[in-house]
Amino acid sequence: MKTKNLFRVAFVAAVCVSFFSSCDPTDDNNTTPEISTGLFTLNQGEFGKNNASLTYYDFANGFASNYVFEDKNNRGLGDTGQDMIKYGSKIYIAMYKSSLIEVVNAKTGVSIKSIPMKNAQDASSSPRSLVALNGKVYISLYDGHVAKLDTVTLMVEKTITVGPNPEGITIANNKLYVANSGGMQMVMDSTVSVIDLVTFSETKKIKVNVNPGTLKADSYGDVYVVSSGDYGAKPGKFQRIEAGTDKVSDIAVAVKGFDIVGDKAYIYNFEYDANWAVANKTVKIYDVKTEKLLTDNVIAATTLDKTPYGINVDPVSKNIFVGVTDYENNGKMYCFGEDGVLKYTFTTGVNPTKIVFTTNK
Amino acid sequence: MLAFALTGSLYVYSVDIEVDSVRTRTLNTLQVEAKQQQTTRAAMPVQVYSQREIKSLNALTVTDIAKFFSGVSVKDYGGIGGLKTVSVRGMGSNFTGVNYDGVMMSDIQSGQIDLGRFSIENVSEVTLSNGQPDDIFNSARVFASASVLSIKTKFLAYNQTKLHEAKLTLRTGSFGMLNPSFFMAKNAGEKWAFNFSTDMLTADGTYPFLQYYGNKFNLSEVLKRTNSDVKSARTEVNSEYRINSNEKLSLKFNHFISERGLPGVVTFYNTDVSNQRLNDQSLFGQIHYENKTSKKLQHQYFARYNRSYNHFSDKDAKYQGGILNDEFLQQEFYMSSVLKIHLFQTLQLAAATDWWYNNLDKQTNINFRNFAYPTRHTGLANIALKHFSEKLMLSANLLYTLTREHVRVGIAAPDRNKLSPTVSATFKPSADTDFRIRAFYKNIYRLPTFNDLYYQEIGYTNLRPENAHQFNVGFTFSDSNIPFLSILELTTDAYYNRITDKIIAIPRDLFHWSMTNKGLVAIKGLDVNLKASSKISRLGEIRILTNYSYQNAKDMTPDTENYGEQIPLTPQHAGSTSLSLAKKWWELGYNFQFTGVRWVGQLTDSRNKMEAYTTHSVYANFNYKSWELKTELLNVFNTQYEVVKFYPMPRRNFRITAAYNF
């Protein structure tokens with residue numbers, strides 16, 4: 001990437017101004033918000049459209065502001081925001097097609113560093129998911145690797161090989177678990193790589209259902225896996241890798257995506273009808289301690305506008321945030337109380353997926 | 001057509017100023033008259049660029065010519081080797097048929113014909129017909145599109161004094177382009193005529209472009225477009241056997257091969273985004289027999305075999321083995337017979353039946369399973385009636401379409417049987433003025449392509465054909481008695497198109513889409529065309545070709561947020577003007593194109609807006625004896641623009657062409 005030219009100011013703009021240009025009614029004159037106590041939503045954007053973005057929602061005044069990253073940094077976030085975590089005072093964003101990690105100051109929204117993720121051939125290694133522990137951010141890379149990033153130097157310390165096309169990544173029992181989807185192979189993969197955090201090397205592969213994606217760990221060391229199946233004969237599954245034994249068991253709950261906070265897994269799901277229309281949109285709550293489904297649809301009183309795309313739960317208030325999308329237009333974020341009662345909604349960018357909570361206190 | 005044109009009151013068109021005329025005078029007169037009649041007499045709007053006019057359009061391929069038709073949006077991904085397709089009046093490129101010397105081109109896989117593959121070196125005329133061509137003596141397939149772009153190749157008319165002509169051309173220019181071509185036409189006695197044309201193109205295809213990271217007030221950077229190199233070669237052989245003056249047999253063989261990089265969409269902060277390559281190999285052979293001996297009964301037959309192979313590869317570490325290889329092979333066997341009967345002095349009846357067979361094979365190294373290996377039989381039958389007098393022309397036809405599909409794996413698409421009618425009329429109120437009012441209605445189906453139906457995980461076999469209703473009213477005016485002007489032609493048409501069951505992809509997630517018949521689009525538009533040329537020989541010949549299009553193309557798909565919004569990438573306003581001044585030894589020209597604001601998503605978000613742009617190009621031609629020299633400067637003001645979002649187009653560039661005729 002030609003970072004040396006990146007901040008060249010656009011003096012050439014004058015050349016390009018067409019004499020047909022006129023006033024634009026949609027030019028938003030939003031003043032850039034001060035970051036206070038609220039949340040950032042990562043809007044994945046559309047693949048190949050360079051329209052990933054951050055929405056900031058302020059808890060105090062209830063005002064949602066799209067394009068916060070662009071407003072604060074005078075440039076777009078890039079193409080396909082795949083994952084976002086907050087660790088310490090920084091936010092880390094995995095940009096898949098732009099193939100970089102964007103490190104952002106959580107208190108200001110200002111970029112600290114863009115870290116290109118390139119392999120030995122200087123080709124895109126395409127970051128996918130993030131997890132952090134003990135001053136390191138671990139990044140699954142779609143070209144079959146996991147990288148370890150130091151959060152002080154913001155340099156990649158080491159990259160190791162895992163299975164093909166890794167997706168979700170999580171930490172349990174002082175080990176890294178990485179879902180190898182194998183989505184770009186002759187035959188899809190069905191393993192989870194286990195990596196020792198001390199030696200930072202793969203110790204084993206656990207067999208799960210085909211095409212594993214999201215991975216989350218609970219506080220008891222169990223790892224939960226959602227797999228999408230092979231889009232053919234083999235359907236997707238929700239599975240648990242048991243702490244200690246690494247024994248894999250199926251959980252009879254249909255899951256598209258989930259988040260774990262405390263002893264609960266918050267799950268969203270939907271189905272397609274014969275015409276590929278979305279039906280049966282639900283948010284379920286599953287107890288990860290007792291391994292029981294607590295409620296089949298906690299938001300039964302609310303009909304979601306569009307297709308659920310991400311679920312995030314506030315660890316403090318236990319509010320459930322469900323982002324919905326039609327994959328093309330701006331999305332919407334629903335905020336439900338723990339009891340499933342709708343509190344508020346706000347407009348997001350395209351494909352709202354991840355949330356991090358921030359406070360300036 | 002010729003006979004019909006001659007029955008009308010003809011103005012005399014000056015042939016002397018046809019600079020490139022190498023044919024005999026009598027024949028040329030007839031052809032020019034017939035051509036001029038097309039645009040203003042036709043009941044369905046038709047726009048024609050003759051060989052002479054093509055010279056003044058700064059065109060490298062047929063795509064560049066199509067940009068000067070009103071109502072046309074050319075999807076241009078930039079670069080010399082990039083894919084270029086044409087959609088007309090907001091209807092999607094699959095609705096546009098491409099007629100190459102009487103036979104429709106086909107691509108059963110994607111339904112889109114890449115116009116970039118047609119060189120203009122052997123082209124004599126390019127025509128765009130909305131609805132369908134006016135001539136009812138055509139194969140049924142010509143009636144089966146919503147609009148037809150017709151390409152006619154050059155042929156040498158029999159002339160006792162000149163039995164052959166040849167032209168050697170060398171073109172070079174920006175993007176490391178080198179484009180030699182050779183054309184030869186020969187008459188072997190009165191019966192046989194041959195022509196041979198070949199050209200090769202190589203280009204590294206790189207060019208600098210200015211990229212804004214977000215809106216135009218953001219940071220920007222000058223980057224280089226890479227992986228857009230191309231190597232291609234095209235060869236065509238034609239032969240005509242004139243059994244007698246009204247009966248002939250023609251043969252055509254065409255071969256095209258290309259290997260090119262696909263630069264892909266620009267990705268912010270990542271210049272390593274595309275290592276995609278596309279290798280195309282296609283050939284077709286066609287045979288045509290035509291018999292116009294009898295005034296009462298005329299008939300013609302076509303047959304064609306077409307084979308297209310393409311190999312797409314993408315180098316990326318995410319793939320097993322670091323590379324994706326997709327290979328497709330499609331074939332078509334086609335036959336057609338056409339019959340025309342003159343029932344009465346003013347009434348003609350034509351009947352045509354077409355039958356063709358398609359198949360598609362695929363190989364890939366990634367995630368390959370359950371490919372359908374589809375085959376399709378398509379049958380068409382068309383019956384057309386045409387009544388004409390000097391005052392009134394009425395035409396109607398009914399087209400019957402049937403498809404029968406089979407697959408080796410999975411479920412085949414159901415049989416389709418469709419009837420689609422067309423009616424058209426022109427009326428000339430006054431015998432003294434060449435002013436006509438015209439109208440047409442056409443209903444046509446667009447059959448789903450094999451990609452729509454069978455693409456892995458995306459295709460949906462229950463797709464119905466897209467259904468288009470086209471309504472058009474307009475007027476035409478031409479006059480050759482205006483002071484200082486040798487000809488003035490003005491056509492204006494207003495239209496309403498409604499497309500139901502539009503095949504659109506709806507997403508299941510970011511990477512998995514499914515095809516459905518959900519879309520509904522309504523387009524209200526206006527096309528205006530003006531052609532004029534001067535006749536003051538002292539000043540040289542001055543020509544102006546200009547057009548304007550208005551397209552209010554609204555997405556009316558229910559239950560979506562985009563209901564009532566302009567469809568993506570379609571400008572409301574667009575237009576072009578071409579000006580040229582020709583003297584005996586030289587010619588100067590200027591071309592201007594304007595494309596209004598377009599949108600790529602919902603109109604409430606300014607990030608979805610694509611700015612309007614104008615491009616200006618100039619050229620100078622010199623002719624001396626057998627030599628021609630042409631220099632072109634394109635996009636003179638170095639405008640950075642995009643036709644498709646994040647596919648930046650080249651800024652200022654040039655071409656130099658030298659040709660020797662012998």
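Reader: How many salt bridges does a search of the whole structure find over all chains?

Author: The search finds 50 over all chains. The model is predicted.

Reader: What makes Arg52(B) and Glu541(B) a salt bridge?

Author: Their side chains meet at 3.4 Å, N to O. The cut-off is 4 Å between a side-chain nitrogen of Lys or Arg and a carboxyl oxygen of Asp or Glu, so the pair qualifies.

Reader: Which parts of the chain does the pair link?

Author: Distant ones. Arg52(B) sits in helix H3 (residues 51-54) of chain B. Glu541(B) sits in strand E26 (residues 541-555) of chain B. They are 489 residues apart.

Reader: Are Arg52(B) and Glu541(B) buried or exposed?

Author: Both are buried. That puts each under 20% relative accessible area.

Reader: Which residues are linked with Arg52(B) and Glu541(B) in a network of salt bridges?

Author: The network also holds Glu53(B), Lys531(B), Arg543(B) and Glu587(B). One of its pairs is Glu541(B) with Arg543(B). Their closest N and O atoms are 2.9 Å apart. The limit is 4 Å, so this pair counts too. Glu541(B) and Arg543(B) are both buried.

Reader: Why are Arg234(B) and Asp199(B) called a salt bridge?

Author: Their side chains meet at 2.3 Å, N to O. That value is within 4 Å, so the term applies. Arg234(B) lies in strand E13 (residues 230-244) of chain B and Asp199(B) in strand E10 (residues 192-203) of chain B, so the bridge ties together parts 35 residues apart in sequence. Arg234(B) and Asp199(B) are both buried.

Reader: How many helices and strands does chain B have?

Author: Chain B has five helices and 36 strands.

Reader: Why is chain B called as compact as a globular protein of that length?

Author: The radius of gyration of chain B is 24 Å. The globule rule gives 26 Å for 662 residues. The two values are close, so the description holds. The C-alpha atoms of chain B fill a box of roughly 65 × 55 × 50 Å along the principal axes.

Reader: What share of the residues in chain B is buried?

Author: Buried residues make up 59% of the 662. Each of them has under 20% relative accessible area. As for contacts in chain B with a separation of 6 or more, 63% join residues 24 or more positions apart.

Reader: How many residues does each chain give to the contact between chain A and chain B?

Author: Chain A gives 71 residues and chain B gives 62. The area buried between chain A and chain B is about 5,700 Å². Carbon and sulfur atoms give 51% of that area.

Reader: Which residues in chain A lose the most area to chain B?

Author: They are Asn50(A), Tyr231(A) and Trp276(A). Together they account for 11% of what that side buries.

Reader: What makes Glu70(A) and Arg607(B) a salt bridge?

Author: The closest N and O atoms are 3.4 Å apart. The limit is 4 Å, so the pair passes. The rule finds two salt bridges across this interface. It also finds 20 residue pairs in polar contact there.

Reader: Which elements give two or more residues to the side of chain A that touches chain B?

Author: They are helix H1 (3-6), helix H2 (13-16) and helix H3 (68-73) of chain A. H2(A) gives the largest share, three residues. By class, this side of chain A has 28 nonpolar, 24 polar and 19 charged residues.

Technical notes
Residues numbered from 1 in each chain as written. Chains lettered and ligands numbered in written order. Predicted model: local features only at pLDDT ≥ 70, side-chain atom pairs only at ≥ 80, totals over all residues. Heavy atoms only, no water. Contact = heavy atoms within 4.5 Å. Buried area = accessible area lost by both parts, 1.4 Å probe. Polar contact = N/O pair within 3.5 Å; in protein donor to acceptor, adjacent residues only side chain to side chain. Helix = DSSP H or I, 4+ residues; strand = E, 2+ residues; numbered from the N terminus. Nonpolar A, V, L, I, M, F, W, Y, C, P; charged D, E, K, R; others polar. Rg over C-alpha atoms; globule rule 2.2 N^0.38 Å. Buried < 20%, exposed > 50% of the residue type's maximum accessible area, 1.4 Å probe, protein only.
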